[in-house]
Amino acid sequence: MKFSRRLFLEGLSALSIAVAVPAMAHAEDFKMGLLVPGSVSEEGWNRIGFNALKGVESQLGAKISYVELQQNPASFEKAFRDYASQGYKVILGHGFEFQDAALEVAQDYPDVYFLISSSAIHEGNVIGLNTDTSQPFYLMGVIAARMGKKAGLVGGMEIPPIQQAFAGFKNGARSVNPDFPISEAYIGNFTDTTAAKEAALSMISQGADFVVPNASGATVGGYQAIAESGPDVRSFSIFSDFTQVAPNNILGLYVADYAQGVVEVVKSIKDGNPPTQNVVFGLKDPKVISFTFRDDGPVSVPQEIRAEVKAISDRIAAGEIKTDGE
């Protein structure tokens with residue numbers, strides 16, 4: 001993910017304004033802050049966090065602010081403290097990497113709620129919001145094993161949310177064919193599009209005809225590799241719509257309307273009913289998670305496989321299939 005100094009400064013400016021206004025003048029304001037590990041201008045993970053913040057603004061009338069940060073834990077803690085000290089009631093750290101900093105700061109601000117994306121935590125006023133990505137990835141794995149010969153998974157960092165997603169893919173594929181070959185690689189960051197592209201190209205050169213990148217801002221590099229390799233290499237769009245990057249390769253779209261899920265959680269906090277446990281969105285929450293097929297590409301998923309995937313999806317939503325266990 002590319003770091004935007006301009007937007008970061010805008011975020012700091014918003015914080016400065018908040019400091020300058022006397023606290024009593026806006027005691028009635030409900031304020032929410034957002035920390036993202038990169039730029040919200042890019043399609044993908046960070047944009048989803050920004051959309052969540054804007055949803056809280058438009059639907060709940062909240063005052064909002066955000067900062068774009070590099071992968072620096074010290075800056076995470078400082079940003080949390082800045083917002084908490086300025087009367088922000090809810091602060092969303094958009095990524096598992098914000099969890100430790102939130103736990104540290106939350107001890108000093110018991111009346112502030114620290115929401116952590118892609119986290120299973122619930123400790124006092126630190127609440128994890130986790131979309132179970134293993135569930136839609138399980139469906140992708142089923143399709144890959146039905147239509148392909150070998151799959152490749154390109155991750156950013158080896159952290160629980162990405163490991164969970166990839167476990168879902170592997171479990172889905174191996175529910176169809178226990179011997180279906182799957183390669184897996186991590187580039188060690190979320191910003192290096194070239195590294196993601198090279199990892200995907202390496203997998204394709206070794207016979208992978210299904211490749212799924214999951215590396216936040218670097219994800220687009222994986223799709224570039226897929227597109228350049230021709231229509232015989234297939235993929236799925238994750239989190240946002242990447243079909244413009246690889247129009248001849250993407251068979252389906254997994255889109256998480258995480259924004260609406262966050263709005264509901266923040267509304268419960270605003271109404272005085274905060275969650276009593278960590279929040280997990282899944283295929284049982286169609287307003288938050290959707291998995292759809294494309295019909296406008298050179299290759300599409302056959303109807304019989306679609307029917308199979310629909311039946312599996314229904315069973316996952318009903319809790320009959322566990323998707324993330326190794």
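Colleague: Buried means under 20% relative accessible area, exposed over 50% and partly exposed in between, using a 1.4 Å probe and protein chains only. Which is tyrosine 258, buried or exposed?

Modeller: Tyrosine 258 counts as buried because its relative accessibility is 3%. Before you go on, this is a predicted model, where local features need pLDDT of at least 70, side-chain atom pairs count only at pLDDT 80 or more, and totals for chains, interfaces and linings use all residues. Residues are numbered from 1 along each chain as its sequence is written, and side-chain values use heavy atoms, leaving out hydrogens and water.

Colleague: OK. Which residue forms an aromatic pair with tyrosine 258?

Modeller: Tryptophan 45 does, in a tilted pair with 6.3 Å centre to centre and 35° between the planes. Rings of Phe, Tyr and Trp (its six-membered ring) pair if their centres lie within 6.5 Å, and planes under 30 degrees apart count as stacked, over 60 as edge-to-face and the rest as tilted.

Colleague: Where in the chain are tryptophan 45 and tyrosine 258?

Modeller: In distant parts, 213 residues apart. Tryptophan 45 belongs to helix H2, residues 45–60, and tyrosine 258 to helix H9, residues 258–270. Helices (H or I, at least four residues) and strands (E, at least two) are DSSP runs, numbered from the N terminus.

Colleague: And tryptophan 45, buried or exposed?

Modeller: Tryptophan 45 counts as buried too, because its relative accessibility is 15%.

Colleague: How many aromatic pairs does the structure hold?

Modeller: The total is 16. Another of them joins phenylalanine 239 and tyrosine 254, also tilted, with 5.6 Å centre to centre and 50° between the planes.

Colleague: Which strands do phenylalanine 239 and tyrosine 254 lie in?

Modeller: Phenylalanine 239 lies in strand E10, residues 235–239, and tyrosine 254 in strand E11, residues 250–256, so this pair ties together parts that are 15 residues apart in sequence. Both phenylalanine 239 and tyrosine 254 are buried.

Colleague: Which residues do ring pairs link into a cluster?

Modeller: The cluster has Trp45, Phe137, Phe166, Tyr186, Phe239, Tyr254, Tyr258 and Phe281. Both of the pairs we went through have their rings in that list: Trp45 with Tyr258, and Phe239 with Tyr254.

Colleague: Back to the strands. What order does the open sheet of three strands have?

Modeller: E10-E11-E13, with mixed pairing. Two strands pair if DSSP finds at least two bridges between them. E10 and E13 are the edge strands, each pairing on one side only.

Colleague: How many bridges join E10 to E11?

Modeller: Five, and the two strands run parallel. One of the bridge contacts matches serine 237 with leucine 253 in E11.

Colleague: New topic. How many residues of E6 are buried?

Modeller: Six of its six, in a strand that spans residues 126–131. On one side Val126, Gly128 and Asn130 are buried, and on the other Ile127, Leu129 and Thr131 are buried, which leaves both faces of E6 covered.

Colleague: Why two sets of side chains?

Modeller: In a regular strand the side chains alternate between the two faces of the sheet.

Colleague: How many bridges join E4 to E6?

Modeller: Four, with E4 (residues 113–117) running parallel to E6. Isoleucine 116 stands opposite glycine 128 of E6.

Colleague: And which way do E5 and E6 run, parallel or antiparallel?

Modeller: Antiparallel, joined by two bridges, with E5 covering residues 122–123. Histidine 122 has isoleucine 127 in E6 as its bridge partner.

Colleague: What do E5 and E6 form?

Modeller: A hairpin, with two residues between the strands. Glycine 124 in the turn has a positive phi of about 65°.

Colleague: In which sense do E6 and E12 pair, parallel or antiparallel?

Modeller: The sense is parallel, over three bridges, and E12 runs through residues 279–281. Asparagine 130 has valine 280 in E12 as its bridge partner.

Colleague: Give me E6 in short.

Modeller: E6 pairs in the parallel sense with E4 and with E12, and runs antiparallel to E5. Its residues with named partners include Gly128, opposite isoleucine 116, Ile127, the partner of histidine 122, and Asn130, the partner of valine 280. Those three residues are buried.
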